[in-house]
Amino acid sequence: MENLSISDAPPAAPPPQGSSQAGGPPQPPPQLPPQMFTTAAQLLDLTDKKLMVVLRDGRKLIGVLRSWDQFANIVLQSTTERIFAANPDSARSDTAPRGLFADIPHGIFLVRGENVLLLGEIDLDRDDDPPPGYEPAELELVKRLADEHKALEKARDKSRFKKLAKMGFEGESQGEIVLG
């Protein structure tokens with residue numbers, strides 16, 4: 001094993017593929033370093049780019065990726081949280097958009113890597129356009145509609161879990177303890 005320091009010259013380039021040194025066996029093709037295949041290393045290409053990050057709890061964050069570590073913990077700058085809700089007027093009209101959205105500014109945001117469900121780069125040419133099928137609305141209205149939808153889903157899930165429990169199925173990690 002070589003002991004190299006930062007002041008040492010880089011090693012000489014290997015001979016072209018297919019040629020051999022002093023009649024020895026041909027050199028294998030160069031391989032990518034193993035760290036190129038880790039999840040966190042893939043964030044290198046996304047550093048300093050605007051991303052949308054979807055979290056496991058359903059929140060959607062938009063911000064510029066500034067830093068990350070080996071656990072895929074990420075730091076977003078100029079972060080906004082985008083909330084989506086169904087448009088109550090869309091059921092009554094064919095011309096109304098099907099949804100509403102609003103943004104909540106957060107600034108710098110630290111996200112633990114295990115909470116990231118999905119992330120992707122935002123096309124800066126289309127960044128100012130509203131999402132297709134959605135229009136901007138007042139934050140309070142969108143929050144209220146989103147909370148109502150979440151409460152409805154929670155009640156529906158609770159009903160499903162009760163029906164499944166009667167059939168002998170047990171729900172996963174419901175977080176509730178049922179006492180006898």
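**Close-up views of a predicted model**

R144 has a relative accessibility of 44% and therefore counts as partly exposed. The structure shown in these views is a predicted model.

**View 1. The salt bridge of R144 and E148 in helix 1.** The side chains of E148 and R144 form a salt bridge, in which the closest N and O atoms are 3.2 Å apart. Both residues belong to helix 1, which covers residues 139–166. Because E148 and R144 are four residues apart in this helix, about one helical turn separates them. E148, like its partner, is classed as partly exposed, since its relative accessibility is 44%, and R144 has the value already given, 44%.

**View 2. The salt bridge of D157 and R160 in helix 1.** An N-to-O distance of 3.2 Å marks the salt bridge between the side chains of R160 and D157. The two residues are three places apart in helix 1, or about one turn of the helix. R160 is partly exposed, with a relative accessibility of 45%. D157 is also in the partly exposed class, at 29%, a value that lies between the 20% limit for buried residues and the 50% limit for exposed ones.

**View 3. The salt bridge of D57 and R59.** Here the closest N and O atoms of D57 and R59 are 2.9 Å apart. R59 has a relative accessible area of 33%, so this residue is partly exposed. Over the whole structure, the search for salt bridges finds eight.

**View 4. The surroundings of R82 in strand 3.** R82 is part of strand 3, which runs over residues 74–86. Is this arginine buried or exposed? R82 counts as buried because its relative accessibility is 15%, and the buried class takes in values under 20%. The side chain of R82 makes a polar contact of 2.8 Å with the side chain of D103. Leaving aside residues up to four places away in sequence, R82 touches K60, I62, F101, A102, D103 and P131. D103 thus appears both in this list of contacts and as the polar partner of R82.

**View 5. The second largest pocket.** This pocket has a volume of about 400 Å³. It is lined by 16 residues, of which G58, I83, F84, A146 and K150 are the closest to the pocket centre. Strand 3 and helix 1 are the elements that each contribute two or more residues to the lining. Sorted by class, the lining residues of the second largest pocket are nine charged, five nonpolar and two polar.

**View 6. Two residues with positive phi, D48 and A72.** D48 is not a glycine, yet has a positive phi of about 70°. D48 is found in the segment that precedes strand 1, residues 50–55. A72, which is not a glycine either, has a positive phi of about 65°. Where in the chain does A72 lie? A72 sits in the loop that links strand 2 (60–68) to strand 3. With a relative accessible area of 16%, A72 is buried, as this value is under the 20% limit.

How values were computed
Residues are numbered from 1 along each chain as its sequence is written. This is a predicted model: local features need pLDDT of at least 70, side-chain atom pairs count only at pLDDT 80 or more; totals for chains, interfaces and linings use all residues. Side-chain values use heavy atoms; hydrogens and water are left out. Buried means under 20% relative accessible area, exposed over 50%, partly exposed in between (1.4 Å probe, protein chains only). A polar contact is a pair of N or O atoms within 3.5 Å; within protein, one must be able to donate a hydrogen and the other to accept it, and residues adjacent in sequence count only if both atoms are side-chain atoms. Contact means heavy atoms within 4.5 Å. A salt bridge is a side-chain nitrogen of Lys or Arg within 4 Å of a carboxyl oxygen of Asp or Glu. On a 1 Å grid over the protein atoms alone, a cavity is a set of points where a 1.4 Å probe fits but cannot get out, and a pocket is an open set with protein on both sides within 12 Å along at least five of seven lines; lining residues have an atom within 4 Å of a point. Grid points are joined across faces, edges and corners, and a volume is the space filled by probe spheres set on the points. Ala, Val, Leu, Ile, Met, Phe, Trp, Tyr, Cys and Pro count as nonpolar, Asp, Glu, Lys and Arg as charged, and the others, Gly among them, as polar.
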